[in-house]
Amino acid sequence: MIVVTGANGKLGRAIAERLSERIPASEVGVSVRDVENAAALRARGIRVRQGTFTDPASLRDSFEGASQLFLVSSGTTAGDTLIQHRNAIDAALAAGVRRIVYTSHMGASDTSHFPPMRNHAATETMLRESGLPFTSLRNGFYASAGIMFMGNALETGKLIAPEDGPVSWTAHADLVEAAVAVLTEEGRFEGPTPPLTSSSAVDMTEIAAIASELTGRAIDRVIVSDEDYRASMVARGTPEVVVNIAMGMFLASRAREFAAVDPTLEKLIGRRPLSMRDVLVAQLSK
Ligand SMILES: NC(=O)c1ccc[n+]([C@@H]2O[C@H](COP(=O)([O-])OP(=O)(O)OC[C@H]3O[C@@H](n4cnc5c(N)ncnc54)[C@H](OP(=O)(O)O)[C@@H]3O)[C@@H](O)[C@H]2O)c1
């Protein structure tokens with residue numbers, strides 16, 4: 001059985017659904033915080049069990065019988081991520097899991113400007129030290145996050161953000177396909193994968209230009225200082241941890257931490273990955 005955590009979230013839900021189309025649904029399980037939210041997965045024949053990263057006993061139960069565990073990284077703002085990942089890895093060992101596939105990130109590094117990258121690097125070290133075979137999917141930066149960083153530019157015609165750098169924004173849908181390929185065709189990768197990215201890296205100025213072209217309205221890129229951007233988030237009541245993550249993203253992209261473009265994702269999914277333009281087209285048609 002393959003057990004997927006975070007299956008009430010965007011990535012984990014789609015992976016559980018796609019997996020149940022590729023292998024018998026009875027061979028797929030999910031570990032979720034709220035089993036009621038996973039009723040649709042149960043209706044497909046997927047095993048649904050309660051599992052919370054802060055409750056090791058629940059994880060031992062929800063991982064029971066798993067040969068592979070798909071470990072969706074916990075959100076960086078949701079408590080101590082590393083303790084949560086440690087609990088999940090320990091529970092996988094206790095449950096006799098023989099392989100963990102973990103959602104890491106391109107540019108995972110303990111010296112990154114972007115705080116979540118330091119957690120991913122530390123989790124990869126934990127996985128290495130666990131002695132369990134593992135694959136760490138170095139996922140590209142979500143294109144949906146890029147759209148979030150646009151703020152209300154589509155309404156105001158101004159994309160206001162600090163100086164940034166190119167990012168190989170990558171679509172959830174492509175990362176889901178890649179994850180399913182890695183889970184169902186075992187042995188393709190040991191340890192961290194190459195960066196799983198779209199085929200081009202664009203900065204906020206280029207995103208504004210694409211949005212202008214697609215909407216037929218001028219969307220100007222306005223660069224503000226780090227201090228002013230931070231102050232505007234604080235003024236809106238944004239929690240400090242979120243402010244630091246957002247600012248870290250601009251510093252990291254400026255340092256080209258997310259600029260790499262790699263063909264591995266295209267090879268894994270057998271087609272050209274969606275670009276930021278494709279994702280924006282889909283967003284505008286909503
Ligand atoms: N590649 C990137 O650019 C990028 C960007 C942002 C985040 N990420 C990482 O990618 C992960 C998956 O992305 P996504 O889009 O699927 O995010 P998402 O929709 O927010 O899903 C995250 C999942 O993690 C679960 N979770 C959080 N805390 C947990 C805990 N203590 N115990 C058990 N489960 C817990 C959530 O459970 P509930 O459904 O119960 O809330 C949710 O199902 C994120 O969690 C984050 O670590 C990557």
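## The nonpolar cores

In this predicted model, the largest nonpolar core is made up of 44 residues, and Val30, Phe70, Ile100 and Ala179 are the ones with the most contacts inside it. Helix 8, which covers residues 172-184, supplies the largest share of this core, with 7 residues. Apart from this core there is a second, separate one of 27 residues, and Ala108, Ala201, Ile207 and Val279 are included in it. In soluble globular proteins, nonpolar side chains tend to be buried together.

Ile100, one of the residues with the most contacts inside the largest core, can be followed further: leaving aside residues up to four places away in sequence, Ile100 touches Leu69, Leu71, Ile89, Ala92, Leu127, Leu132 and Phe134.

## Strand 7 and its partner

Strand 7, running over residues 158-161, has two faces, of which the covered one carries Leu159 and Ala161, while the uncovered one carries Lys158 and Ile160. Strand 7 pairs with strand 9, residues 220-223, in the parallel sense and over 4 bridges. Within strand 9, the residue that stands opposite Ala161 is Ile223.

## The shell around the ligand

There are 24 residues around the ligand, and those that come nearest are Gly6, Asn8, Gly9, Leu11 and Ser73. Two elements, helix 1 (10-22) and strand 5 (99-105), each give two or more residues to this shell, and the largest share, 3 residues, comes from helix 1. Sorted by class, the shell around the ligand holds 14 polar residues, 7 nonpolar residues and 3 charged residues.

Key:
Residues are numbered from 1 along each chain as its sequence is written. This is a predicted model: local features need pLDDT of at least 70, side-chain atom pairs count only at pLDDT 80 or more; totals for chains, interfaces and linings use all residues. A residue is near a molecule or strand if its C-beta atom, placed from the backbone, lies within 6 Å of it. Ala, Val, Leu, Ile, Met, Phe, Trp, Tyr, Cys and Pro count as nonpolar, Asp, Glu, Lys and Arg as charged, and the others, Gly among them, as polar. A nonpolar core is a set of buried Ala, Val, Leu, Ile, Met, Phe, Trp, Tyr and Cys residues joined through C-beta atoms within 7 Å. A residue is buried if 20 or more other C-beta atoms lie within 10 Å of its own, exposed if 12 or fewer, and partly exposed in between; C-beta atoms are placed from the backbone. Two residues are in contact if their C-beta atoms, placed from the backbone, lie within 7 Å. Two strands pair if DSSP finds at least two bridges between them.
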